[in-house]
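The following exercises ask for a careful reading of one protein model. Each task is followed by a solution in steps.

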Amino acid sequence: MARLVQFDRLGGPEVLTLRDVEVGAPGAGEVLIRVDAIGLNRAEIMYREGGYFYEPVFPSTLGYEAAGVVEAVGEGVDGFAEGDLVAVVPAFLQSEYGTYGDHVIVPASAVVPRPADVDPVQAAAVWMAYITAYGPLAESGQVRPGDHVLITAASSSVGLAAIQVARHVGAIFNTHDGLLDDAGLSLVGGLFGTLVPGLAYTKPAIGESAEI
């Protein structure tokens, strides 16, 4: 039996229930993972409250991100085997799969290898923020070296990820200090350079990589 977080109605955190559930064996194209850490995201709150872009199917689990160890693989799954360290990325519907549990089944297409030197907490906490930032910047926006990027929520998880993506491609990131409180100013300034009144920016050398 696995222990999963599920809910049967929309609402706040009080609707969440910890249940013993028989998850069974993974089906074709699926992976069974022992979960060591999960990521928490605004998308899951919106989903639980009924404000996401699709509705829950009750009883519903939730959760997009996780890190753990492969315990079994389903038919047709290549590249993963029992004992592999992995992370789960947000590449499925929460109405079909979820990560809030000690053992979960997820699609193999949403599983990636986890380096041994990356602990489960780190591996479970980066995907939503960095995918959200990378898509509009590097793919849709096609940001290039020397471009200016305005990041208005610079101290949020996605904002910090966006700053690092922008720096990585050699862009100049800008954030207005009027949009940050003292804690946000300290965080962003400490990580990425001094903020000046009105507009803050940093410009790495072309080709310089920022640690992510």
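**Exercise 1.** State in which loop Pro59 lies, and describe the peptide bond that joins Phe58 and Pro59.

*Solution.* Step 1: Pro59 is found in the loop between helix 1 and strand 4 (66–73). Helices (H or I, at least four residues) and strands (E, at least two) are DSSP runs, numbered from the N terminus. Step 2: the bond between Phe58 and Pro59 is a cis peptide bond, with omega about -5 degrees.

This is a predicted model, in which local features need pLDDT of at least 70 and side-chain atom pairs count only at pLDDT 80 or more, while totals for chains, interfaces and linings use all residues. Residues are numbered from 1 along each chain as its sequence is written, and side-chain values use heavy atoms, with hydrogens and water left out.

**Exercise 2.** Describe the confidence and the overall make-up of the protein chain.

*Solution.* Step 1: the average pLDDT (the predictor's confidence in each residue, from 0 to 100) of the protein chain is 86, and 82% of the residues score at least 70. Step 2: over residues 194–212 the pLDDT is below 50, and this stretch has 40 contacts (heavy atoms within 4.5 Å) in the model beyond near neighbours in sequence. Step 3: the secondary structure of the chain comes to 5 helices and 10 strands. Step 4: of the 212 residues, 43% are buried; buried means under 20% relative accessible area, exposed over 50%, and partly exposed in between (1.4 Å probe, protein chains only). Step 5: among contacts between residues at least 6 apart in sequence, 70% join residues at least 24 apart.

**Exercise 3.** Where does helix 3 bend, which of its residues are buried, and what covers them?

*Solution.* Step 1: helix 3 covers residues 127–140 and bends by about 35 degrees at Tyr134. The bend at a residue is the angle between axes fitted to the seven residues ending there and the seven starting there. Step 2: a proline, Pro136, follows within four residues of the bend. Step 3: the buried residues in helix 3 are Met128, Ala129, Ala133, Gly135 and Leu137. Step 4: an α-helix has 3.6 residues a turn, so residues three or four places apart point the same way. Step 5: the cover over the buried residues of helix 3 includes helix 1 (42–49), strand 8 (148–150) and helix 4 (157–168).

**Exercise 4.** Is Gln142 buried or partly exposed, and what is its phi?

*Solution.* Step 1: Gln142 belongs to the loop between helix 3 and strand 8. Step 2: its phi is positive, about 50 degrees, although Gln142 is not a glycine. Step 3: Gln142 counts as partly exposed because its relative accessible area is 48%.

**Exercise 5.** Compare the settings of Val149 and Val77: is each buried or exposed, and which residues does each touch?

*Solution.* Step 1: Val149 lies in strand 8, whereas Val77 lies in the loop between strand 4 and strand 5 (85–88). Step 2: Val149 is buried because its relative accessibility is 8%; Val77 is buried because its relative accessible area is 12%. Step 3: leaving out residues up to four places away in sequence, Val149 touches Leu137, Val143, Ala166, Ala171, Ile172, Phe173 and Asn174. Step 4: with neighbours within four places left aside, Val77 is in contact with Gly29, Glu30, Val31 and Ala108. Step 5: Val77 and Glu30 are 47 residues apart in sequence, yet 7.0 Å apart in space, C-alpha to C-alpha.

**Exercise 6.** What is the volume of the largest pocket, and which residues lie nearest its centre?

*Solution.* Step 1: on a 1 Å grid over the protein atoms alone, a pocket is an open set of points where a 1.4 Å probe fits, with protein on both sides within 12 Å along at least five of seven lines; lining residues have an atom within 4 Å of a point. Step 2: the volume of the largest pocket is about 310 Å³; grid points are joined across faces, edges and corners, and a volume is the space filled by probe spheres set on the points. Step 3: the lining has 14 residues, of which Asn41, Arg42, Met128, Ser157 and Val158 lie nearest the centre. Step 4: helix 3 supplies the largest share of this lining, 3 residues.
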